[in-house]
Amino acid sequence: MSTAALRWARRNLFAKPFDVALSLIVIPVLAWVLYVFAVWVLAEARWEVIGGSLTVLMTGIYPAEQLWRAWVSVAALCAMFGAGLGLSLHPGRTALTVVALAGATVAAAAAAAVGAGAGTLAAGSAALGIAAWVGVHRSARARRLALPGLLVGVAAIFAVLSPPGFELWGGLLLSVVLTITVSILTVPFGILLALGRQSRIASLRVICTAYIETMRSVPLILVVYWIWIIVPLLAPDTSIPSLLRGMAGYALFFAAYVAEYVRSGLQAVPKGQVEAARSLGMSSWTVNVDIVLPQALRVVVPSLVGQILDIFNGATLVFIIGLTDFLRAGQMILADPQNSGRTYEIYVFLFAVYFAIGGAITFASRRLEAHLARGSR
Amino acid sequence: MTMQIAETHHIAPTRRRFLLASRWLLQAAIVAVVAVLAIWLALAVREALARKGIQFSFDYLSTAANISLSEGLVPSLDGVWPVLEPFSPSHSNAQALVAGLWNSLKVALSAIVLCTVFGTLVGIGRLSTNWLVRNLSFGLVECVRNTPLLIQIVFWYFAVVLRFPPANAASNWFGGLIASRSGVFLPGLAISEDASLASWGLLAAAAVSAIAVLIVAGMRRKLTFLALAIGTVAAAAALGFPLNFDLPVATRFGARGGVALSPEMTAILLAITVNSSAYVAEIVRGAIDSLPKGQWEAAASLGLSRSDTLRDIILPQVFRIVLPSLANRYISLTKDTSLGIAIGFPDLFNVYGTVSNQTGRNLEGVVIVMLTYLALSWIISICVNTLNTGINGRGETR
C-alpha cells in the first residue's frame, strides 16, 4: 500500500526536478491554506447566522404567512428537475444514491436550521423529484409529456407565487424561477433570429444580424435596466411589475446568444440534406422544421444547457431594477448591524450554493455533450 | 415560400415576373414593418416624455454636472494644450461620462494584459505533469466559472479589500507594495526633472534595441542588439537617468507616491482579472489539446524537453489559434466592467446612472452608453482581427 502510494507520488509529484520544485512550493502552501480554512469552518465560524436567515436567503421578503406558496413551487421545481433528469440520465444505482444523498443532506440542513416542518417538506420535494426522474425514464408516454409538462409547471409556479405580488418575490427562489423562465423564452426567439440571420431575404438577414450583434456588444446590465425604464414609457396606463420587465430584458439579451448557438448548429447540418429536401419539392418551412432544425437543435443542446448557467449567473444583476435575488438577500442580511461580523460566513454559504448549482449545470452540459458525441459516432 | 423556384428556367416569363415582384414586395414589407415599429417606439417615447414635460435632447451634456466622482480623468484645455485633469463637479455632464469611460478603460486594459498572462499560465498548469498543479488549476477554473462574476466582485471588495489593515497600519510588502483599506499603492515610474535630452535619446535607442532583440532571427544578431540595449541604458544612466522609480511611502495618514489604486479599482481589477484568467485558461488549454498529439511525440523523439516543446513548438501555434476566442473574451471583459456599480466604482455605466438621476435624462444616456460599448467592442475586434491576419497571414507565406 505505502509502496504504491510512494510510487504514485514519485510519478505524479516528483517526476522531474521542475515538478519537485513545484510540489515543494505548492504542498506546504496548500496544506496551510486548507488547515486555516478547516479551523475556521469547524471552530471559528458562527453558522447560526445562516440558520437564522435561511428564509430570507431562500425567499427574500416573501410574506411569512404565504410561505406555503413557496413550498409548492419548490415541489414543482423538484418535479421538473426530476423530469429533466429522466430525459437525459439513466437512474442507475450510483446516480440514484448521489441524488438521494444530496436531497437528504439538504432536508437535514433545513430541519436543523429552520425546523422539522421545513425538513419534512424538503425531503418530500426531493422524493417527488426522484419519483419524477424514475417515472419519466421508465414510461415512454411520460417522456412525451415531459416538455409540455415543463411549460405547465412554469405556468403553475407563476400562478401559485404571484397572488402576494411580483415585487415580493426574492431570494434563491427568484433566481431559479427567473433562470428557468428566461431559458424557456429565449429558445423560440433565438431560433427565429438564427433562421432570420440565414434567410435569403436580405432585409430580414440584415435586421436579425444587426440585432444579434448589438445585443452581443452591450452589457447585460444595460439592457435589463433599459427595458425596465422604457416599458412604462411605452405602456403608461398599465403598470407592469419590475420582475416581468426584468425577465423581458434578460430574454431579449440572451436570445441573441441562443441565436448564435443555433446558427452554429444550422451550419453543422450538411448542405446536401437541404438540397435533397428541396429537390423533393419541400417548402422552405418544411425543410427547416422537419429536416434542418431537429438535427441542428440536437447539436446545440449542450450549449443551451451551458447557457442556463450564464443566465443563472446573470440573474445576480436584478439588483439594478430593485429586486432581491439570492446574492442581494445575503447582502441585506449583512447590512443588519448585528450580523456585521458574519461577512465570511454569508459569502462562503452563497459561494457554496452558487457553486453547487453551477457545477450541476456544467456537469449536465458535459454529460449531454459526451452522450451526443457517442450517439452520432 | 415562393422565391426558391425563381432560379429554375422553365417557368413562364409572367410567372417569373410575378415571383420577382413578390420577392421585392416581401422585402419592402419587412422594411416597412420594422420602420413602422421603430417610428411607433420613438413617437410613444416622445409622447410619454412630453407628458412629463421633458424633451428628448442632448443639451444636458454641456451643462455642469454637479456630481462628484471618486476617481477619473477628463480631457480639458489648458490654454491651447489638451490636458487630462481630475474630474470635479464643475465639469460638464459629457466630461463626467468621459471620466467614467476613462475608469472603465483603465480597468479593462489592465485586466486584458493581466488575464492573458495569468490565464496562459493556468492553462499550461492544467496540462502540467505535476498532479497537484494540474488539479489545482482545474479547481480554480471550475470555481471561478461556476459562480457569478458579481459575487466575486462584491467578495473581493467587502471581504478582501475592505478587510485590509487601516491606512495608519498599512501592510508594506517587499518594500514597494503598500496595501490598506483606503487603497493599494504600487511602485511606479516617474520622470525626473533634470534629465537631459541626450539621455532621453539614449533611452529611446535602448527601447528600440530591446524590441529588435525580440524580433530579429539568429543568435548573433540577438546578442548584438542585446549588447546595444545594455550599453545605451548604461550610457543614459551615466548622463542622469530620465526615469526614476517612484516608491510609495507609508505615512501616519496613509501612503503617498507611486501608482495609487482606489479600493474599488483594486477589487474590480482583481475580480475581473481572476475571472477572465479562468476563461483564458480554458481557451489556451482547448487550443493546446486541439493540436495533433504527434507534435509532442515528434518533439520528444528529437530529444526536446517538455518545456522546450511547449515554448518553441506548441505555444507559437496556440497563439495563432486562440486569437478569435481571446477577442471574444476581451469584449466580454470590457462589458463586465459595467458591474462596478455594485461596489461604487465610477465606471461608465455607474456614471451614466448618476448623471441620469441628476438630470432625468435616462434615454439619451442609454443611447450614448450603448454606442460607446458598441464602439469598444468593434475596436477590440478590429485590433485582434488585424493582429490575426498579421500573424496567420505571415505564417502561411513562410
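**Exercise 1. Domains and confidence**

What distance separates the centres of domain 1 of chain A and domain 2 of chain A, taken over C-alpha atoms? Work with the predicted model, and establish the domain bounds and the confidence of the chains along the way.

*Solution.* Begin with the bounds: chain A is divided into domain 1 (2-44), domain 2, which is assembled from 52-63 and 169-377, and domain 3 (66-163). Taken over C-alpha atoms, the centres of domain 1 of chain A and domain 2 of chain A are separated by 40 Å.

Next, consider how confident the predictor is. Chain A has a mean pLDDT of 87, with 99% of its residues at 70 or more, while chain B has a mean of 83, with 88% of its residues at 70 or more. Within chain A, confidence is lowest in helix α3 (residues 48-52), where the mean is 81, and highest in helix α12 (residues 242-268), where it is 93. For the complex, the predictor gives an ipTM of 0.89 and a pTM of 0.86.

**Exercise 2. The side of chain B that touches chain A**

Determine how many residues of chain B are in contact with chain A, and describe where they come from and to which classes they belong.

*Solution.* The count comes first: 40 residues of chain B are in contact with 45 residues of chain A. On the side of chain B that touches chain A, the elements giving two or more residues are α1 (13-51), α3 (131-145), α4 (149-160) and α11 (362-397) of chain B. The largest share comes from α1(B), which gives eight residues. Sorted by class, this side of chain B has 29 nonpolar, nine polar and two charged residues.

**Exercise 3. Two helix pairs in chain A**

Classify the packing of α6(A) with α7(A), and then that of α9(A) with α10(A).

*Solution.* For the first pair, helix α6 (residues 93-113) and helix α7 (residues 116-138) of chain A pack at about 165°, and their axes lie 7 Å apart. Since angles over 145 degrees count as roughly antiparallel, α6(A) and α7(A) are therefore roughly antiparallel to each other, and their crossing is right-handed. The residues making the contact include Gly103(A), Val106(A) and Ala107(A) of α6(A) and Gly119(A), Ala122(A) and Ile130(A) of α7(A). By class, this contact has 13 nonpolar, two polar and no charged residues.

For the second pair, the axes of helix α9 (residues 171-198) and helix α10 (residues 202-217) of chain A come within 7 Å and cross at roughly 130°, which makes α9(A) oblique to α10(A). The crossing of α9(A) and α10(A) is left-handed. Here Leu193(A), Gly196(A) and Arg197(A) of α9(A) meet residues of α10(A), among them Leu204(A), Arg205(A) and Tyr211(A). The contact of α9(A) with α10(A) divides into five nonpolar, two polar and two charged residues.

**Exercise 4. A helix pair in chain B**

Find the relation between α4(B) and α7(B), and list residues through which they meet.

*Solution.* Helix α7 of chain B covers residues 263-290, and α4(B) packs against it at an angle of about 140°, with the two axes 8 Å apart. The helices α4(B) and α7(B) are therefore oblique to each other, and their crossing is right-handed. From α4(B), Leu149(B), Gln152(B), Ile153(B), Trp156(B) and Tyr157(B) take part, meeting residues of α7(B) that include Glu264(B), Ile268(B), Val274(B) and Asn275(B). The final step sorts the contact of α4(B) with α7(B) by class, giving nine nonpolar residues, two polar and one charged.

Definitions and conventions:
Residues are numbered from 1 along each chain as its sequence is written. Chains are lettered from A and ligands numbered from 1 in the order in which they are written. This is a predicted model: local features need pLDDT of at least 70, side-chain atom pairs count only at pLDDT 80 or more; totals for chains, interfaces and linings use all residues. pLDDT is the predictor's confidence in each residue, from 0 to 100. Helices (H or I, at least four residues) and strands (E, at least two) are DSSP runs, numbered from the N terminus. Two residues are in contact if their C-beta atoms, placed from the backbone, lie within 7 Å. Ala, Val, Leu, Ile, Met, Phe, Trp, Tyr, Cys and Pro count as nonpolar, Asp, Glu, Lys and Arg as charged, and the others, Gly among them, as polar. Axes are lines fitted to C-alpha atoms, for helices over the stretch in contact, and angles run from 0 to 180 degrees between N-to-C directions. Angles under 35 degrees count as roughly parallel, over 145 as roughly antiparallel, 65 to 115 as roughly perpendicular and the rest as oblique. A crossing is left-handed if the near helix is turned anticlockwise from the far one by less than a right angle, and right-handed if clockwise. Domain bounds come from an automatic or database domain assignment.
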